[in-house]
Amino acid sequence: MPSDPRRLPSAGDRPRVVVIGGGPGGYEAALTAARHGAETVLVEERGIGGAAVITDVVPSKTLIATADVLDLVAGSQQLGIRDADNGTAPTAHSLNVDLAAVNARVRELAAAQSADIRASLADAGVRVVDGTGRLDGPDRVEVLDADGALRESLEADVLLLAVGARPRELDSAPCDGERILNWTQLYDLEQLPEHLIVVGSGVTGAEFASAYRALGSEVTLVSSREKVLPGTDAEAADVLEDAFARRGVTVRSRSRAATARRTEGGVVVTLTSGEEITGSHVLMALGGIPWTADLGLEGAGVRVRESGHIETDRVSRTSVRGVYAAGDCTGVYPLASVAAMQGRIAMHHALGDAVSPLISAQVSSAIFTSPEIAVVGVSEQEVLGGEAAGEVMVQRLDTNPRAKMQGITEGFVKLIVRPGSHTVIGAVVVAPRASELILPYTLAVAHRLTAEQVAGTFTVYPSLTGSLAEVARQRALAPES
C-alpha cells in the first residue's frame, strides 16, 4: 500500500474529494471531508443511504421489529396476559400480520432515513450527483446517466470508493421478485408467504427465518453446514437452533440447494441430493458480490482480490495513492458500522489528520434473530484452537432476576479474559436486545478494562446488565490457577 496520501492543494485551495457510493461508508466519508473544508461531491445511482438504508439494514430491522412484537405476545402466557373477550392465553396464532402494511411502513421509514441523510449532506455543503460513477484514471470520475451517457466529469485530489455489494444468486435459481426472491425484493410482498424456504443459514438467512416464523409463515431453512450461523459462537448457535425448534422452524442441515423453480402456485427447491422441498416462496440468502465490475479499477491501477473486493489497508487506502475504499466492496466486514468507520478513517487520513487504524478486535456485531446474538473481540473458538490465550466464563440468563420477571428462559453472557492480567478480550451476549447489551463489553475491549473493573461497576437491580457484571465476578473472585 502507498505510504502517504496524494499531495493535496496548498493552503488556501480547497482539496477536491469525490465519493462514489452513498451508503454508510460513502456518506460518512463525504460528511467528514466537507467538515474538514474540502470541496466534496458524492455520486450515487441507487439512492442516498445505499443498500444499508434502502434495501438491507433499515428495512430488515424494521420488519424484525414487527416480528419481535408478535414473538413477545406469543411467549407471554406465563405473564398472566389473557384475551379480554374469551380469557384465552395468547399464542403465536392470536394475532395476524398485515404484511402489505408492514412493508409499506418499511419502505416509508427507509425513504425517510434516506431523505434525512441527503439533507445532512446538503447542510454540510456536499454536492450530491445522481448517476453512476466510474473511474477514468486515478484522479477523475465520469458520471453516467441512466442511459449510459456521460453526464459530467469530476477531477479529484482524493477519491473514495464505497459501491457496496449486491445479493449473490444461483444461475439455476434466478430471482424474479415474486416467488424466488433475494433480500432486496422481500419488501414488495403484499401477502405473507404461506411457506417460506430460506436458502442459506448465515446471518441474513437466520434473521429472516426467525422473523418470518414470528410473523406467521411456515419456514424451512436450508443449511449447507451442520449448524446455523457457521463462524458464530457455537453455544450461541445452539441456543438459536433450540429456539428455532421450539418455534417450529424446520432446519435442513447439511443440505445444499441446486435449483429453484416456480410452479403454478409456489416454488420447488431441489437439493443436490435430488430431494425436493415445496413452498410458496423461496429466499436466496447466499451472501453478496461487490459492485466493482465496470468501475474502471483496472485502468486506474486499483488492485482487487479474486473475489472482486478492493484491497485496502487498515486506514482504507487502496494500491493507488489518493484512492481509498470503504464498506462491503472491501470485504473487511459486511457491517454498516464498519463501513462508516472506514469512510471516516479514510478522510481523516487523506486530509492530514492523525488517525487510528481500524482494529478488527474492537468491532462488535449483532445478529437480529430471536433471541439476538451479539459478539465482540476474541471468540471461544479462537481460544480452543490455540489462536489466542484466554479464560472463558459463562453465566446463563435464566439465573437473572429481571429475566425471570420478563419470562426470558434462553440466552447467556460469555466473557473472555486474558490469563494473568484478566483484561477483557472478547464477549458474547445471547438475549433480547443483545445488540444493546454488548456495548459495555465493547468499551471494555477497546479500553482494555479488566474483569475486576467490570465486576466492580455498579449495575441497576434488577436488570439484564446485572449479568454482565456477574459473569466478570467469576474471574474476579476466583483463585488463580
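Start by selecting Ile-416 in this predicted model. Its bridge partner in strand S23 is Gly-426. Now show all of S23, residues 424–431, next to S22: the two pair in the antiparallel sense over 6 bridges. Between the strands of this hairpin sit 6 residues, and Gly-420 takes a positive phi near 90° there.

Go back to Ile-416 and look for its bridge to another strand: Val-392 has Ile-416 as its partner in S22. Val-392 brings you to S21, so select residues 391–396. S21 and S22 run antiparallel, joined by 6 bridges.

Next, put side chains on S22 itself, residues 412–417. Which residues point the same way as Ile-416 from S22? Phe-412 and Lys-414 do, while Val-413, Leu-415 and Val-417 point the other way. Side chains in a regular strand alternate between the two faces of the sheet. Buried here means under 20% relative accessible area. By that cut-off 6 of the 6 residues of S22 are buried, so the strand is largely enclosed by the rest of the structure.

Zoom out to residues 363–470. An unreviewed UniProt entry annotates this span as "domain: Pyridine nucleotide-disulphide oxidoreductase dimerisation". The span is 31% helix and 28% strand, and its end C-alpha atoms lie 23 Å apart.

Last stop: an open sheet of 3 strands in the order S13-S14-S15, with antiparallel pairing. Select 257–262 for S13 and 276–279 for S15, the edge strands, each pairing on one side only. From one strand to the next, the twist averages 20°. Add S14, residues 267–271, and you'll find 5 bridges joining it to S13. One pair to click on is Ala-260 with Val-269, its bridge partner in S14.

Definitions and conventions: Residues are numbered from 1 along each chain as its sequence is written. This is a predicted model: local features need pLDDT of at least 70, side-chain atom pairs count only at pLDDT 80 or more; totals for chains, interfaces and linings use all residues. Side-chain values use heavy atoms; hydrogens and water are left out. UniProt positions are given in the numbering used here, feature names are shortened, and annotations may be inferred rather than shown by experiment. Helices (H or I, at least four residues) and strands (E, at least two) are DSSP runs, numbered from the N terminus. Buried means under 20% relative accessible area, exposed over 50%, partly exposed in between (1.4 Å probe, protein chains only). Two strands pair if DSSP finds at least two bridges between them. Axes are lines fitted to C-alpha atoms, for helices over the stretch in contact, and angles run from 0 to 180 degrees between N-to-C directions.
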